[in-house]
Amino acid sequence: MNWFNNLIATILPIVPRPIVKIFSRPYLAGESVDDAIRVVKDLNAQQMCATLDLLGEEVKVKEDSLNALKIYTQILNAIDREKLDANISVKPTHMGLKIDKEFCYTNIKSLVELAKKLDNFVRIDMEDSSCVDETIELFLRLRKDYDNVGTVFQAYLRRLLDDINTTLPHKPNLRLCKGAYYWEKRDVVFKEPEIVNCNFSYALEKLLSNDCYVGIATHDEKVVWQGLKLIDQLQLKPEQYEFQMLLGVDHELRRIIVNEGHKLRIYVPFGKEWFAYSVRRLKENPKMVNYIIGNLFNKILGRKQ
Ligand SMILES: Cc1cc2nc3c(=O)[nH]c(=O)nc-3n(C[C@H](O)[C@H](O)[C@H](O)COP(=O)(O)OP(=O)(O)OC[C@H]3O[C@@H](n4cnc5c(N)ncnc54)[C@H](O)[C@@H]3O)c2cc1C
């Protein structure tokens with residue numbers, strides 16, 4: 001079925017928006033702050049915490065970053081007001097990285113400062129490889145003054161171990177994921193899935209055994225198992241790590257992780273820029289098409305997800 005999945009992923013950008021919207025609905029919280037807050041409340045009621053991502057990236061004008069900044073500010077205040085268990089994830093290019101590095105730094109710093117006041121946390125997402133140097137630089141600059149900021153490392157990157165060695169002395173709080181930018185070249189990323197998994201496990205061991213807080217972000221049960229093995233080997237306490245998954249993916253696995261007593265955070269994307277996000281997700285992971293079709297069939301047959 002791979003050719004079929006790839007075909008669907010390739011033609012997706014020209015599929016009418018309303019159809020993409022039907023496919024991507026389970027993976028998005030909605031368009032407004034209220035939608036996002038409603039989804040977080042529901043997750044919290046299921047003993048899952050959340051990280052909220054306002055959709056948008058690669059902005060071309062400062063005004064778009066400033067608008068995003070306003071919405072993130074509303075979100076942080078709403079989390080505080082409603083006493084929700086959630087933080088925020090921000091993309092550097094949404095905050096203006098490609099327009100002006102200093103402008104981006106100031107924007108993210110203002111969110112980290114507000115989050116600090118509200119006893120909350122800001123995660124700086126990792127984008128494609130053209131952003132890695134500047135994202136790590138931004139993170140380390142903020143990390144000097146704040147302990148409520150973290151970033152993301154991608155296991156597919158060949159440079160991962162070097163980046164870990166550079167950041168380890170600063171006790172980073174990291175999300176570790178496989179990496180989503182499927183078009184990266186072979187000299188930049190490992191293309192072989194098995195090597196990505198080995199790199200993930202090796203990096204995870206290095207981070208956890210050096211006392212870093214890690215968000216183990218994956219839906220791959222083999223990688224989840226590697227995490228569980230390390231948690232046991234290192235006798236980690238629940239406050240030393242968490243698992244993370246994307247909204248709408250593998251509800252059974254997320255319930256298993258929570259029932260086994262581990263902290264689980266769900267990444268909750270929301271906002272008007274849902275189209276680009278949905279297309280990327282489907283293209284980056286064509287297997288998702290099987291799940292969508294499966295979900296549709298389950299719905300038709302009236303089964304629970
Ligand atoms: C919380 C979180 C935050 C992330 N943040 C970033 C980031 O900042 N930067 C970045 O580059 N990437 C990020 N990613 C994406 C990540 O890099 C991968 O692209 C994505 O998670 C798929 O990898 P996987 O570990 O699930 O393994 P895969 O091998 O891709 O998938 C493993 C299995 O999980 C299931 N699965 C995976 N995805 C889906 C899906 N969409 N729908 C249904 N089932 C699915 C399937 O069973 C699949 O076989 C994030 C992922 C998570 C979970």
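**Exercise 1.** In this predicted model, find which residue lies over the face of tyrosine 105, and at what distance from the ring centre.

*Solution.* Look above the ring of tyrosine 105: the residue over its face is arginine 141. The distance to the ring centre is 3.5 Å. A charge counts as sitting over a ring within 6 Å of the ring centre, provided that the angle criterion of 35 degrees from the ring normal is also met.

**Exercise 2.** Describe the surroundings of lysine 62 and state whether this residue is buried, exposed or partly exposed.

*Solution.* Step 1: place the residue. Lysine 62 belongs to helix α4, which covers residues 62-81.
Step 2: list the contacts. Leaving out residues up to four places away in sequence, lysine 62 touches Ile99, Asp100 and Phe103.
Step 3: examine phenylalanine 103. Its C-alpha atom is 8.4 Å from that of lysine 62, although the two residues are 41 residues apart along the chain. Lysine 62 lies over the face of this ring, 4.9 Å from the ring centre.
Step 4: classify the exposure. The relative accessibility of lysine 62 is 37%, so the residue counts as partly exposed.

**Exercise 3.** How many aromatic pairs does the structure hold? Classify the pair of tyrosine 181 and tryptophan 183, then that of tryptophan 274 and phenylalanine 275.

*Solution.* Step 1: the count is three aromatic pairs.
Step 2: the ring centres of tyrosine 181 and tryptophan 183 are 5.4 Å apart and the planes meet at 85°, so this pair is edge-to-face.
Step 3: tryptophan 274 and phenylalanine 275 are also edge-to-face, with 5.8 Å centre to centre and 80° between the planes.
Step 4: compare burial. Tyrosine 181 is buried at 5% relative accessible area, while tryptophan 183 is partly exposed at 46%. Tryptophan 274 and phenylalanine 275 are both buried.

Key: Residues are numbered from 1 along each chain as its sequence is written. This is a predicted model: local features need pLDDT of at least 70, side-chain atom pairs count only at pLDDT 80 or more; totals for chains, interfaces and linings use all residues. Side-chain values use heavy atoms; hydrogens and water are left out. Helices (H or I, at least four residues) and strands (E, at least two) are DSSP runs, numbered from the N terminus. Buried means under 20% relative accessible area, exposed over 50%, partly exposed in between (1.4 Å probe, protein chains only). Contact means heavy atoms within 4.5 Å. Rings of Phe, Tyr and Trp (its six-membered ring) pair if their centres lie within 6.5 Å; planes under 30 degrees apart count as stacked, over 60 as edge-to-face and the rest as tilted.
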